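Work through the exercises below with the sequence and the structure in view. Each task is followed by its solution in steps.

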Amino acid sequence: MELTVDQPFDLTASLESGQSHRWDYPGEEGDSWYTGVIRGDLVRIRRTPLGVEFRTSPTVESDFAPRLANYFRLDDNIEAIYDDIRRDKRVAEMVEHYPGLRVLRVEPWECLVSFICSANNNIQRIHNNMETISEAFGSAVSLDRYTRYTFPTPADLAEAGEMELRRLGLGFRAPYVHKAALAVLEGRLDLDELVRLPYPDAKGRLMECPGIGPKIADCIAVFSLEKLEAFPIDVWVRRALGEWYFPNQKIPKDSVLLEWAQNHFGRYCGYSQQYLFHGRRLRGRALDETNAP
DNA sequence: TTCTGCCCTTGGCA
DNA sequence: ATGCCAAGGGCAG
């Protein structure tokens, strides 16, 4: 079925910018369809001139369409957001260059685990970790010749235990994931409540979990808890901010940098950050290819 | 209280 | 081979 998208929408940039870690990308030789899992459904999707074409299982496509629109935040007034974040010249350039990079609305528990896994890790391996966890403890969902696994519940991972998670290759992050599973299972961490809570409170609650510091809390907040004012500061963003806005001087510490960024980029700085991160990463990749023998 | 240095798993790459 | 780095965070001092 086809969903018309009447707004700037870059499927590739949105799915491959390190927000969700549950998508298989179309290969160079492939057929341009992405395959992923959104909550309980396997989803196949590709861009079309008018929007996106998609198939789902087990939910029928007509029922799934609104959930897909929700996942891609098509309810955002994207032009208003772009107008706002264009206050910064460099972000404005990137918006021109990559129109339609969306902030996603990822399922909070899945998002939390993926970003605990992101600590001192690379994107490819985060994907592998998420996939391995799902295959081990999730449920199979199939469509045609494709089979994937849903992301396991907190109860599933609490029962699995730290050692089993460690065996799957999570390394030092295994106890963090296990403890987070217990916290959610026992009601000490209520992710639904965090959606309703103001940003600073939600971030504070997240940071009570071992393994979740300011950066990871901000990632969870912006990609799954409706906090577009969160601004995750990672190595790429810190590097970019330092080079562009604090040249030839010591880069302020992250807590100062965060306050500066939220003030400078405005209330939708989560979008600004995604543009800075994505633009910076693509530039790095292009440079790598340029320097390749 | 705040800052610094070091450690933590794993794997890919030079 | 061996070290460095990868969407960081905890901990000691």
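**Exercise 1: DNA strand B**

In this predicted model, a polar side-chain atom of Arg-125 lies 3.0 Å from a base oxygen of DNA strand B.

Task: Find which residues surround DNA strand B, and sort them by class.

Solution.
1. The residues around DNA strand B are Asn-120, Arg-125, Arg-166, Gly-171, Phe-172, Arg-173 and Lys-253.
2. By class, they comprise one nonpolar, two polar and four charged residues.
3. Arg-173 also reaches a base: one of its polar side-chain atoms is 3.1 Å from a base oxygen of the strand.
4. Lys-253, in contrast, has a polar side-chain atom 2.8 Å from a phosphate oxygen of DNA strand B.
5. Of the strand's atoms within 4 Å of the protein, 62% are sugar or phosphate atoms, and the rest belong to bases.

**Exercise 2: DNA strand C**

Task: State how many residues surround DNA strand C, and which element gives the largest share of the surface near it.

Solution.
1. DNA strand C is surrounded by 26 residues, and the closest are Ser-17, Asn-121, Ile-216, Asp-234 and Trp-236.
2. Their classes are 13 nonpolar, 10 polar and three charged.
3. Two contacts go to base nitrogens: a backbone N or O atom of Gly-18 lies at 3.0 Å, and a polar side-chain atom of Gln-274 at 3.2 Å.
4. A polar backbone atom of Gly-211 is 3.1 Å from a phosphate oxygen of the strand.
5. The elements that give two or more residues to this surface are α12, α13 (235-245) and α15 (269-291).
6. The largest share, four residues, comes from α12.

**Exercise 3: helix α11**

Task: Identify which residues of α11 (199-207) are buried, and which helices they pack against.

Solution.
1. Tyr-199, Ala-202, Lys-203 and Leu-206 are buried.
2. Viewed down the axis of α11, these buried residues fall within an arc of 100°, so they line one face of the helix.
3. An α-helix has 3.6 residues a turn, so residues three or four places apart point the same way.
4. The buried residues of α11 pack against α5 (108-116), α10 (191-196), α12 (214-224) and α14 (254-265).

**Exercise 4: the sheet**

Task: Give the strand order of the open sheet of five strands, and say which strands stand at the edges.

Solution.
1. The order is β1-β5-β4-β3-β2, with antiparallel pairing.
2. β1 (2-4) and β2 (23-24) are at the edges with a single partner strand each, so one side of each has no neighbour in the sheet.
3. β1 pairs with β5 (51-57) over three bridges, in the antiparallel sense.
4. Thr-4 has Gly-51 as its bridge partner in β5.

Notes:
Residues are numbered from 1 along each chain as its sequence is written. Chains are lettered from A and ligands numbered from 1 in the order in which they are written. This is a predicted model: local features need pLDDT of at least 70, side-chain atom pairs count only at pLDDT 80 or more; totals for chains, interfaces and linings use all residues. Side-chain values use heavy atoms; hydrogens and water are left out. Buried means under 20% relative accessible area, exposed over 50%, partly exposed in between (1.4 Å probe, protein chains only). The arc is that of the directions from the helix axis to the C-beta atoms. Contact means heavy atoms within 4.5 Å. A residue is near a molecule or strand if one of its heavy atoms lies within 4 Å of it. A polar contact is a pair of N or O atoms within 3.5 Å; within protein, one must be able to donate a hydrogen and the other to accept it, and residues adjacent in sequence count only if both atoms are side-chain atoms. Ala, Val, Leu, Ile, Met, Phe, Trp, Tyr, Cys and Pro count as nonpolar, Asp, Glu, Lys and Arg as charged, and the others, Gly among them, as polar. Two strands pair if DSSP finds at least two bridges between them.
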